[in-house]
Protein chains: 2
Amino acid sequence: MAGPAAAFDVEAFLDAERGRVNAALADLSPALAHGAPPALREAMLYALATPGKRLRPVLCAAAYRVLRPGPAPDAVYRLACAVEIVHTYSLVHDDLPCMDDDALRRGRPTVHREFSPGAALLAGAALIPAAVRVLDEAARELGLDAAARGELIAELCRAGGARGMVGGQWLDLRAEQPDARVDAEGLERIHRLKTGALLAASLRIGARAAGGDDARTEALTAYGRELGLAFQIVDDVLDVTRTAAELGKTPGKDLDAGKATYPSLFGLARAREMAVERTDGALDALHAAGIDAPELEALAAYLLERRR
Amino acid sequence: MAGPAAAFDVEAFLDAERGRVNAALADLSPALAHGAPPALREAMLYALATPGKRLRPVLCAAAYRVLRPGPAPDAVYRLACAVEIVHTYSLVHDDLPCMDDDALRRGRPTVHREFSPGAALLAGAALIPAAVRVLDEAARELGLDAAARGELIAELCRAGGARGMVGGQWLDLRAEQPDARVDAEGLERIHRLKTGALLAASLRIGARAAGGDDARTEALTAYGRELGLAFQIVDDVLDVTRTAAELGKTPGKDLDAGKATYPSLFGLARAREMAVERTDGALDALHAAGIDAPELEALAAYLLERRR
């Protein structure tokens with residue numbers, strides 16, 4: 001297939017963008033945990049240094065760049081890190097014994113295994129106000145006035161709260177109970193909240209920081225929401241189709257746990273179709289608003305085709 | 001002793017102020033958890049409805065009223081609730097099995113006992129962004145501009161983060177380890193962070209919201225810091241001197257756990273003196289700045305003399 005998406009080197013793009021995100025995180029980290037007791041600080045920095053896709057900050061910075069073409073200042077990546085910090089805290093808490101009780105995260109011991117459950121609880125909680133401060137400071141560096149900065153903070157707090165990500169974590173936890181009956185609607189709600197809310201907020205924050213108008217901000221948000229669902233469906237599909245070596249984690253874990261997933265509810269073939277439909281939905285949202293963003297198109301295709 | 005403090009009916013003051021705080025919390029609660037999954041919402045509201053001293057919001061509103069005499073609008077109490085919400089989340093997390101593992105809080109089952117550890121973890125975490133939003137909205141109702149609101153959010157995030165309250169929770173957790181050696185300096189640091197930071201921020205936020213100048217805001221902050229230490233010393237003293245019935249919790253729990261406390265480090269008599277010294281320090285801070293605040297003076301005396 002010809003066209004701009006095919007011509008776009010998405011792996012090089014992702015490498016470069018992740019590099020800038022990781023540099024920004026490394027840059028921010030000392031100040032983030034400054035003044036904290038050393039061991040708590042260590043646990044916070046360990047969590048932030050867990051290798052990851054950095055998908056949310058990459059999307060945040062991409063939204064900014066789509067609306068403000070040209071070289072993006074470093075502060076855009078610091079802004080984007082605020083979202084990654086919230087995502088990181090959610091992983092730390094999700095891994096805790098009272099949640100998923102995971103021993104490994106991306107091949108490294110989880111925070112509670114490396115330190116202690118108490119340290120993981122507190123390091124996670126401490127990352128939340130830290131993210132708010134990072135967001136505010138980066139937005140200030142980008143020249144946003146106090147009102148615009150307040151809007152961004154409200155976006156992050158909404159997406160990262162009870163009606164967003166934390167609500168989704170809760171629904172996900174309940175869905176793992178032996179007596180849980182999760183139907184298609186329930187499964188979509190879990191992912192809309194747990195993954196979609198913060199992913200959409202990443203794009204929204206990037207768009208707002210770039211001074212995006214309502215129509216384009218809304219379109220980028222919708223792209224994020226649909227991408228979040230596609231991402232989750234692909235995750236579920238990979239969980240049943242890939243070997244441990246390819247995936248970097250134990251495959252089939254969800255099935256073993258009797259948990260509702262897209263393949264378990266719809267079958268593998270239909271789940272794959274649904275991932276394609278959601279990806280199309282994400283691209284449609286951009287096209288309808290006249291947004292020409294080869295990187296976002298290529299990224300959506302890349303996430304759909306990924307093997308881990 | 002004659003004088004304004006003696007003439008001030010502190011119990012009536014506290015009852016009235018707690019009444020306004022509780023009314024504001026009840027008022028805010030539906031919106032706080034709006035859109036959250038019902039059971040998560042229930043856990044959040046259960047935590048917020050735990051009967052408590054409401055000391056932090058009472059101090060926040062008092063600081064506002066000291067600098068802006070006259071009837072305080074309801075929004076002042078909603079502003080004050082933001083601090084109480086942060087305090088509430090810290091109690092929910094502190095009670096968790098991986099922290100203090102407490103079954104009761106003020107005579108009611110703790111959140112993780114009433115719901116589940118996962119629910120308590122998530123309800124607690126969800127309260128953090130909720131507090132930020134409550135603070136911002138109440139400050140807006142009070143007519144504060146976006147810059148001033150941003151300052152208040154920064155105060156709350158600093159006090160409730162790794163170099164404030166969460167840092168103190170971490171130090172406190174470490175101090176409970178069998179191999180912990182906590183000296184006087186270490187004990188004071190725990191309490192300065194765990195209790196003092198948010199208590200001082202309560203006054204600071206109230207003072208800033210009232211448009212207080214730097215000198216008086218700083219004096220009220222210092223009052224809060226000293227009061228926090230006095231409060232904690234009195235807590236430690238009560239823990240060894242009162243019976244369970246008077247205290248509403250198991251006395252001597254800290255001693256049984258071999259934990260460093262003011263009485264265990266300094267003896268009971270010296271600990272009592274230290275509480276008086278800290279209380280004097282709190283009042284001195286007010287006097288030095290020329291702040292005439294009978295309610296804050298009476299409150300400090302009342303907290304020193306309390307029996308539970």
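Reader: Which residue of chain A comes closest to the rotation axis?
Author: A:Ala146 does, with its C-alpha at 2.5 Å from the axis. Keep in mind that this is a predicted model.

Reader: What turn and shift lay chain A on chain B?
Author: A turn of 180° and a shift of 0.0 Å along the axis. The RMSD is 0.0 Å. The two copies are thus related as by a two-fold rotation axis.

Reader: What share of the contact residues of chain A recur in chain B?
Author: 100% of them. The same surface serves both copies.

Reader: How many residues does each chain put into the contact?
Author: Chain A gives 41 residues, and chain B gives 41 residues.

Reader: Which helices of chain A supply at least two residues each to the side that touches chain B?
Author: Helix H3 (38-48), H7, H8 and helix H9 (165-175) of chain A.

Reader: And which one gives the most?
Author: H7(A), with twelve residues.

Reader: How do the residues on that side of chain A divide by class?
Author: 27 are nonpolar, nine are polar and five are charged.

Reader: Switching to packing inside the chain. At what angle do H7 and H8 of chain A pack?
Author: At about 150°, with the axes 9 Å apart. H7 covers residues 117-141 and H8 covers residues 146-159. An angle over 145 degrees counts as roughly antiparallel, so H7(A) is roughly antiparallel to H8(A).

Reader: Is their crossing left-handed or right-handed?
Author: The crossing of H7(A) and H8(A) is right-handed.

Reader: Which residues make the contact?
Author: From H7(A): A:Ala131, A:Val132, A:Leu135, A:Asp136, A:Ala139 and A:Arg140. From H8(A): A:Ala148, A:Arg149, A:Leu152, A:Ile153 and A:Leu156. By class, this contact has eight nonpolar, no polar and three charged residues.

Reader: Next pair. How far apart are the axes of H11 and H16 in chain A?
Author: 9 Å, at an angle of about 20°. H11 is residues 214-241, and H16 is residues 294-305.

Reader: Are H11(A) and H16(A) roughly parallel or antiparallel?
Author: Angles under 35 degrees count as roughly parallel. H11(A) and H16(A) are therefore roughly parallel to each other. H11(A) passes H16(A) in a left-handed crossing.

Reader: What residues does each helix bring to that contact?
Author: H11(A) brings A:Tyr223, A:Leu227, A:Ala230, A:Phe231 and A:Val234. H16(A) brings A:Leu296, A:Ala300, A:Leu303 and A:Leu304.

Reader: How many nonpolar, polar and charged residues are in it?
Author: The contact of H11(A) with H16(A) has nine nonpolar, no polar and no charged residues.

How values were computed
Residues numbered from 1 in each chain as written. Chains lettered and ligands numbered in written order. Predicted model: local features only at pLDDT ≥ 70, side-chain atom pairs only at ≥ 80, totals over all residues. Axes fitted to C-alpha atoms, helices over the stretch in contact; angles between N-to-C directions. Helix = DSSP H or I, 4+ residues; strand = E, 2+ residues; numbered from the N terminus. Parallel < 35°, antiparallel > 145°, perpendicular 65-115°, else oblique. Left-handed = near helix turned anticlockwise from the far one by under 90°. Contact = placed C-beta atoms within 7 Å. Nonpolar A, V, L, I, M, F, W, Y, C, P; charged D, E, K, R; others polar. Least-squares fit on C-alpha atoms with pLDDT ≥ 70 in both.
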